[in-house]
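Colleague: Could you take me through one part of this model in detail, choosing a place where helices pack against each other and then following the chain outward from there? I would like one connected account rather than a list.

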Amino acid sequence: MRRFFTVAALTAALVFASPFFFKGDEGRAAGPGESVNTLTIGVGRDFYNGPEGQVYVHGSTNTWEGLTYLDETFCPHPWLAESWRSPDNGRTWIFVLRRGVRFHDGSLLTAKRAALTLNRLRNHPRYDPNHFFQLLESLVPRGERELVYRLREPVPFFPKVVSYYGSPLVAPETVSDDGRMDGLLGTGPFRLVAVKPGESVEVLAFEKYWGGRPAFDRVVFKVIVDADSRLMALKAGQIDAIVDFGGILPQQLDDLQSIPDIVVKRRELGNTHHILFNCSRPPFSRKAWRRWLAGQVDREQLVAAFAPGAGVVARNPYSRLAPEWNFGCVGAYPPVERPARKPETNHEVVILLHSGFAGRLPYLEIAQVIAQMLVQGGFKTAIRIMEPGGYRQARRNLEYDLVLGPTGFLTGDPDHHYTNFVSARAAYSGGWQNAEAEKLIDLGRKEADMEIRRELYHQLCELMNEEIPLLPLYHDVAIYAHNERVADLDMDVIFRPWLDRARPTADR
């Protein structure tokens, strides 16, 4: 078996020697006899996205907020919007903003300013990778506090669509006419003060936060790409916590649990790890070959070997955490005979991996197991690890046979999964063409009756189980940890840490 490893993609990063600060935000120096409580969090990726990012920095920094957020069962709750309503069964949605919310420069959040910012996603689709605004006809302010969304067709679950990354609210002064973000002024409990690209992001407590000032004065997100180095930094006290998706590997768990002053926690996330088939070319354009490979993959053994304590075998194509959509309809895929017809291809079966997951998830190990199965089935096989730009291009152009990767359940609604990862119209679809599936996806998006929607998505789940355009492997369980000088540091189901709830331990 040949393997292609893009080593440069795993290590290359643009790193500047010194941080750049944001005007007026260098922070308040500690006074005489006063200490600054700093929380240092080690992460395996850079939380700085820059001017061309969907948002300037990652949401885990707690610097910006959305209209709604999702609870542990993916139900929408108030965030910057205190309430919402639809007067016409889901085509028009009116969100009422909280009173007295301020951006980090002290200016008030108003409906007019919010609309200016949020229309960026509609006017510049490249900043809307999850297509949250694809059905938006208009978004206009009404008075000081109401945002009125008008959709091209009813979307009964729209309060979920505008959760978190579906409505990143920042001061409009930071958004250029071309959609680029020139810095960040959010409303979150922390304000961005310094960035070292590839090294760190630093935030300070926002004194006028609408939810109350957080207990930590300062939080530093330190980029430590290598998993072993992250763990060593935590053990040595160089960082206080590791809190992120894939931040701690399963094989590190025993070592961590043996350290008395380290608190280890787990959180099942909305991510599900899949094998996506390229259904547009041989061999996996034939269902028989997809079913054959699915029957070779023992998901229980994969999780036990590579994600012990960090995964739950998938019985749904998406997260099981939303109880109304947990059908448990993904079968065990019993082994079947290798198809009698030879593969209609002599090319290498390419297993595509994203370099950004290399140090945070056991994808390479799983890919190697799958490659061995393919070799035993008579296929030449290659594993290609590609940097983000090349990976996205290969996905878009269907230049692979299998992709091993995660899919998020960002809105807590099946439509997000099917529209963005399954439909033939999706940007990163695997080329599966199925008229019945497309009809069910369209009906499910518009249907307001919950029982009918459940039946439609149950039918989709059963169809997916039969056709297998993608093979769900396991639902992600994040392992995260912090030392005893930190209390109440937790994360939500979309791996955002609750930094406004964290506090220094009283006796430390």
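**Around helices α6, α11 and α12**

Modeller: A good place to start is Pro-283, which lies in the loop between strand β14 (262-277) and helix α6. This is a predicted model, and in it the peptide bond leading from Pro-282 to Pro-283 is cis, with omega near 5°.

Beyond that loop comes α6 itself, covering residues 287-296, which packs on α12 at an angle of about 90°, the two axes being 9 Å apart. Since angles of 65 to 115 degrees count as roughly perpendicular, α6 and α12 are therefore roughly perpendicular to each other. From α6 the contact draws on Lys-287, Arg-290 and Arg-291, and from α12 on Asn-465, Glu-466 and Glu-467. Sorted by class, the residues of this contact comprise no nonpolar, 1 polar and 5 charged.

Helix α12 (residues 450-467) also packs with helix α11 (residues 435-446), here at an angle of about 155° and with the axes 9 Å apart. Because an angle over 145 degrees counts as roughly antiparallel, that value makes α11 roughly antiparallel to α12. The crossing in which α11 passes α12 is left-handed. On the α11 side the contact is formed by Glu-436, Ala-437, Leu-440, Ile-441, Leu-443, Gly-444 and Arg-445, while α12 contributes Arg-453, Leu-456, Tyr-457, Gln-459, Leu-460 and Leu-463. By class, the contact of α11 with α12 holds 8 nonpolar, 2 polar and 3 charged residues, whereas that of α6 with α12 has no nonpolar residues.

From the helices one can turn to the nonpolar interior. In soluble globular proteins, nonpolar side chains tend to be buried together. Here the largest nonpolar core has 149 residues, and those touching the most other members are Leu-67, Leu-147, Tyr-149 and Leu-374. Strand β19 (residues 470-483) supplies the largest share of this core, with 8 residues. Leu-374 leads back to the region where we began: leaving aside neighbours within four places in sequence, its contacts include Phe-284, Trp-292 and Leu-293, together with Val-349, Ile-351, Phe-379, Thr-381 and Leu-402.

Two backbone details elsewhere deserve a careful look. Phe-74, in the loop between β4 (68-70) and β5 (76-78), has phi near 65°, a positive value in a residue other than glycine. With buried meaning under 20% relative accessible area, Phe-74 counts as buried because its relative accessibility is 0%. Leu-398, in the loop between α9 (388-396) and β18 (402-407), likewise is a residue other than glycine with a positive phi, near 55°.

Conventions. Residues numbered from 1 in each chain as written. Predicted model: local features only at pLDDT ≥ 70, side-chain atom pairs only at ≥ 80, totals over all residues. Heavy atoms only, no water. Axes fitted to C-alpha atoms, helices over the stretch in contact; angles between N-to-C directions. Helix = DSSP H or I, 4+ residues; strand = E, 2+ residues; numbered from the N terminus. Parallel < 35°, antiparallel > 145°, perpendicular 65-115°, else oblique. Left-handed = near helix turned anticlockwise from the far one by under 90°. Contact = heavy atoms within 4.5 Å. Nonpolar A, V, L, I, M, F, W, Y, C, P; charged D, E, K, R; others polar. Core = buried A, V, L, I, M, F, W, Y, C linked by side-chain atoms within 4.5 Å. Buried < 20%, exposed > 50% of the residue type's maximum accessible area, 1.4 Å probe, protein only.
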